[in-house]
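Reader: I'm new to this structure and would love a close look at a single part of it. Could you pick one loop and walk me through it, then show me what surrounds the story?

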Amino acid sequence: MQRDAYLAGLAHGSDIDHQGTTFDEPLLERLLHAVRDPVTGQVLLGTVEFGSAVFEGDANFGPATFTGIATFDSATFEGTVRLGSATFERTAMFGASVFKGIATFGSAVFENVAWFGSAVFGGRATFESAAFEEEAWFGSAVFERTAAFDSASFEGLATFDSAAFKRVAKFGSATFGQRADFGSAIFDKGASFGSVTFERDASFGSTSFGGTAWFGSATIGGGADFDSALFHGPAVFRRASFDGCAGFVAAAFKDDVGFDSALFTQNADFSSAVFAQPVNVGPLVCAGQVTLSGASFDGPVTMAMATRRLVCLRTRWSSTAALRLRHATVDFTHAVFEYPLSIHSESGLFFSLSNGRALDESLLVSSRSPAVRLASLHGVDAAHLVLADIDLSRCLLTGTVHLDQLRLEGTCSFATVPPRTAWRRGRPVRFTERRTLAEEHHWRARQSGAVPGWNVAVLGAGDTQPDSLAAMYRQLRKAFEDSKNEPGAADFYYGEMEMRRRTSQTPRAERGLLTAYWALSGYGLRATRALVWLLLAMTTTLLAMMLWGLPADDPAPRSTVSAGVTGQNSQPTSDAPAPGPHPESAPEPEPHPESAPEPVNPSGSLHERMSTERFEKGLRVVVNSVIFRSSGQALTTAGTYTEMASRLFEPALLGLAVLAVRGRIKR
């Protein structure tokens, strides 16, 4: 009788307090009927207290409206719970509740805080199309069966930290207006976040994904935190969009990883991440920096990405790897390659997707060319490294091991010397075009009186000395020679010799010899320089011959006949004139019937000695001296020594010129 009186006293919108009460289905139906509007049939409740209540059968609240605080803390629902299309105008508290059957909150509207912290859903939990207008708390909740939040709307903070999803968790097309926190959550059978929209930050730090983690076409407007996340199954981020920084620091990927067509508008950090299976990433676009520092790749790797910078400090590659890049500046300081790794600059107009469409690189193409630049190989063992079409003009090679085994394919460019003529200490300085290392630029820029154009070292680039540079040039020269690229090795031989000439470790006498070698022919690599010296030497020899080397008059040779034995032929011989002193200083020779007159040194004016006839004779002597031939011309003593000197130096200069040409065209 008291129960009937109590129920009869309830009205539409009444407050209810039934903490610890046990409801069977008929009793709950009578209670809800008591607060139902007789005209509209809608259940309207004020403040509701069902803390620790027990609902033994199905709990069907229908499209009820809770105008006050609805408290179901520690309640037990043994049957199906239906709150679909229900409206909670104030806080709804289901903390530590136990839902043993199906829990349906589809299309429910929570206008204030929705609290499901530590709730246990033994059956399927459906929140499809539910609207959480304020904070939604599911921290430490346990979902024994499928949890469906498809198309749900979370306008406030959504907290699922430490939640446990024993079956599939579906969040497809859900919208999170504020921060979404899934930190330390456990997804045993997979999580579907396909087409989900996170307008602010999304935190999955230390989250465990037992099955497939599907984030295909997901949009994360703020930061994405997957630090220390554990992916036991495939991790799929195909066509995902990250508008803020994305962090995968120390994440572990035990299965396949897919970032095809993913877009990172800021940085993506994979520092210390572990990739246990073969990795096929991309093509993707990152408008900021991709960081792989400390990451470990245990299986084969294929990466295709367009990014501004790729940092791979102390990465470990335990299998083969192929990196296809665009727009990137790559840093491989102290990276470890156990198998061949290739870095290839994608020279096409764009990356082509599997459907034949072009990957959108609009965030990058406006700033720089698609060329790939290598920033550092410091501390790397280059024995397994292959570079194709890479810009090495700023690359630091100090400390690189097995640099002579580095393979360079395609068009790999290096830094060049300053292109313009500069003035230093009142004299012009111009460098012959050649490829150089970045460290040589840094060293020369530090020297006093350095000409403009040498690149200054950036902070942390080190202080490389010429003896170390000589060793690096030597190894690179060998790498080019081993690949049958002799002309390409020439510039590195030049750099090696330059550093040997500059270092204090080289003995002074050797430095002097190298300086002469450089001045005369550019270490046997500058044909023009050797030919200029040859022309100067020939001109000097020619002038010396015209001024002092050719006698005043060519004495006519006299023929003598030696009388032979009767019956034998006589043999005429010509006595060639021998060089002699000037007639004014030489003593009068004794007359001899078979001697020839000695050549007379010229004594006329300068104009007479520079005649056309003497020029032609001197030129004949000079040209013959270049090719080790005797001119047959009568010479004075000075001319004889001049010819001897020219026959020593001029062929050497000609040989250096030929050597330089040969070095540039050798196959």
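Author: Happy to! Let's start with H402, which sits in the loop between strand 56 (390–391) and strand 57 (407–409). Please keep in mind that this is a predicted model. What makes H402 worth a look is its backbone: its phi is near 55 degrees, a positive value in a residue other than glycine. For context, most residues other than glycine have a negative phi. H402 counts as partly exposed because its relative accessibility is 34%, and the partly exposed class runs between 20% and 50%.

A second loop residue makes a nice companion. Y523 also has a positive phi, near 60 degrees, and is likewise not a glycine. Y523 belongs to the loop between helix 7 (508–521) and helix 8. Is Y523 buried or exposed? With a relative accessibility of 1%, Y523 counts as buried, since buried means under 20%.

From that loop we can step into helix 8, which spans residues 527–549 and gives three residues, the largest share, to a nonpolar patch. This surface patch covers about 330 Å² and is made by L520, V532, W533 and L536. W533 has its place in helix 8, and W533 counts as partly exposed because its relative accessibility is 37%.

Finally, a look at two helices that meet. Helix 1 (residues 2–9) and helix 2 (residues 25–34) have axes that come within 8 Å and cross at roughly 35 degrees. On the helix 1 side the contact involves R3, D4 and L7, and on the helix 2 side L27, R30, L31 and A34. Those contact residues comprise four nonpolar and three charged ones, with no polar residue.

Key:
Residues are numbered from 1 along each chain as its sequence is written. This is a predicted model: local features need pLDDT of at least 70, side-chain atom pairs count only at pLDDT 80 or more; totals for chains, interfaces and linings use all residues. Side-chain values use heavy atoms; hydrogens and water are left out. Axes are lines fitted to C-alpha atoms, for helices over the stretch in contact, and angles run from 0 to 180 degrees between N-to-C directions. Helices (H or I, at least four residues) and strands (E, at least two) are DSSP runs, numbered from the N terminus. Contact means heavy atoms within 4.5 Å. Ala, Val, Leu, Ile, Met, Phe, Trp, Tyr, Cys and Pro count as nonpolar, Asp, Glu, Lys and Arg as charged, and the others, Gly among them, as polar. Patches are made of residues with over 30% relative accessible area and no salt bridge: like charges are joined within 9 Å, nonpolar side chains (Val, Leu, Ile, Met, Phe, Trp, Tyr) within 5 Å. Accessible areas come from the Shrake-Rupley method with a 1.4 Å probe; for residues, only the protein chains shown count as cover. A salt bridge is a side-chain nitrogen of Lys or Arg within 4 Å of a carboxyl oxygen of Asp or Glu. Buried means under 20% relative accessible area, exposed over 50%, partly exposed in between (1.4 Å probe, protein chains only).
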